[in-house]
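Visitor: I would like a close look at a single part of this protein, namely the empty space in and around it. Please take me through the residues and elements that border that space, with some context from the chain as a whole.

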Amino acid sequence: KSDMSLAFKKGFLSAPELPRKPSRRKQNALPDDAFLPAESYDLINEDDIEENPMVAEIETSQQAYDYSLEYCRAHCNKFNQGTMKLDPWINCNFANDLRAVQFNRKLWGHHDGPGKGGTSRNLLLPSGVVMHYLEWGNEQAPPIVMLHDVSDSCHVWDDVAQPLAEKYRVISIDFRGHGDSSKSTRREYGVENLVEDVHELVVRLSLNGREWGGAFTRPWVLCGKGMGGAVAVSYAARHEGRVAGLVLWDYDPEMPKDRLCFTPLQAGEFLGQEALGHILGKQLGLLRESKYLAITFVNRCMYNNVNDVNSGCRFKMDPYFFLADMNPGLAWTQLRTVATKCRILFVHTQNSIDWTFQRATDITTSLEQGSEQGEPLSVRLVVASRDTCRDEQGELTEDLSKLYGGIANHCMQFADQIDSLARAKLKKEGNVRYEKVTTEDEEYRLTQKRAMRQQAFEAAGFMGKDDPPPPKFEDFDD
């Protein structure tokens, strides 16, 4: 009896426990290290961090919103926001620069004052979305269309578009659910929807001329940054012949989903501008640069109540935004297809946190190998440097004016090359004729134009209020 009881007791103690089925809430819960204090994690994605399996399973706008909500509850709650502080000196300058940028943007349309902002326009799309876009330059000039990144707006191209407007017609748009464009009531934010929005703008503005045979006579340049680069590649692949060149700024076909398709902070609510400014400064490397931190804040963020700064702030985008139907395989296929049909210019930002220079070189080299038929492709890589200087406190800071100026120069050279090739083709076919105009002829034309304006001004000065209208040629007929 004792042996049986011992065996029974021994077997009872050594029997393995039945596995418990984890609850649904436990499966979708954030890892334990997500709830550690603020000093134990970094909001910037590092290379050694593997992709979150919860992010990989996101396929809809609702799932993206739910993940963003849980992420913000863990990383940007009231306790953590209290620890997100800027340097006192930087915070003071940031507040002053923020008021100046908001005033200039509202009054002049540009953060630096009058004469630089583009003309603000709105376009009602067939889907019911009201698209907002900015336009610079002459309508008769060759067009350049610019697409912004996720959780950004059309104003990110302000410093790039203004130098280009002297020679080109520059158009910068706000995607649906971003900036001043309206949201999609059905939460339709797939890449197909964004491509159709861009195509509707291109058709409405008649950016491409057509011959009687149906060929496009004026191809143009399409620029995209981050997510805008993915939309630009998709547009060029779907509408062959319209785009002559692509400028892809910090775009990698294999970018993670929480960087390319949505942002984990899009559903966050922030108590004040300092906490959100700290996050932006840490992500973009602007913790010591108050001016461009304020410009980035105005471009991307908004107050819950415009009349009350203390009402809290959030990102200026739809919290349900998610770029659906986009994956690395599709992105690579479209990029290789587009590389055989138009010119591509990759722009890599110096010390970029999105991709390394080696990664940019590998992508360019892979595309330069050519198509399956061995045709040579026009793919180039340039580097846009970020100027580093010292502020009044002697700390290292970055002046992004050099970055935007360098990108504008690269875009100008790229567009000039495409425009010269198009002109040479038309001249070879005999469709255009060029005449040499000397400096004396040009000065004579300007003199004649000024003389006619002066005569019209003097004639208007002699006319009185009650004078009859000037006679017409019919009055002198017999």
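Guide: In this predicted model, residues 24 or more positions apart account for 71% of the contacts in the chain with a separation of 6 or more. The chain has 478 residues, of which 44% are buried, and its secondary structure comprises 16 helices and 12 strands. Its accessible surface amounts to about 27,300 Å², with 52% of that area belonging to carbon and sulfur atoms.

As for the empty space itself, rolling a probe the size of a water molecule over the atoms shows where such space is left. The second largest pocket has a volume of about 760 Å³, and 23 residues line this pocket, with Gln 102, Lys 106, Val 298, Val 306 and Lys 316 lying nearest its centre. The elements that each give two or more residues to this lining are helix 6 (88–108), strand 2 (130–136), helix 12 (290–300) and strand 7 (301–305). Helix 6 gives the most, with six residues. Sorted by class, the lining of the second largest pocket holds 10 nonpolar residues, eight polar ones and five charged ones.

Strand 7, one of the elements lining that pocket, pairs with strand 8 (residues 308–315) in the antiparallel sense over four bridges. Cys 301 has Phe 315 of strand 8 as its bridge partner, and the two strands, 7 and 8, form a hairpin in which two residues lie between them.

Helix 12, which contributes to the lining of the second largest pocket, also gives two or more residues to the lining of the largest cavity, as does helix 7 (158–164). The structure holds one cavity of 30 Å³ or more, and the volume of the largest cavity is about 50 Å³. Its lining is made up of His 111, His 155, Val 156, Asp 158, Asp 159, Tyr 292, Ile 295, Asn 299 and Tyr 404. Helix 12 gives the most to this lining, with three residues. By class, the lining of the largest cavity has four nonpolar, three polar and two charged residues.

Taken together, helix 12 is listed among the elements that line the second largest pocket, and helix 12 likewise appears among those that line the largest cavity, whereas helix 6 is the element that gives the most to the pocket lining.

How values were computed:
Residues numbered from 1 in each chain as written. Predicted model: local features only at pLDDT ≥ 70, side-chain atom pairs only at ≥ 80, totals over all residues. Heavy atoms only, no water. 1 Å grid on protein atoms, 1.4 Å probe; cavity = no way out; pocket = protein on both sides within 12 Å on 5 of 7 lines; lining within 4 Å. Points joined across faces, edges and corners; volume = space filled by probe spheres on them. Nonpolar A, V, L, I, M, F, W, Y, C, P; charged D, E, K, R; others polar. Pairing = 2+ DSSP bridges. Buried < 20%, exposed > 50% of the residue type's maximum accessible area, 1.4 Å probe, protein only. Contact = heavy atoms within 4.5 Å. Areas by Shrake-Rupley, 256 points an atom, 1.4 Å probe, with all protein chains shown as cover.
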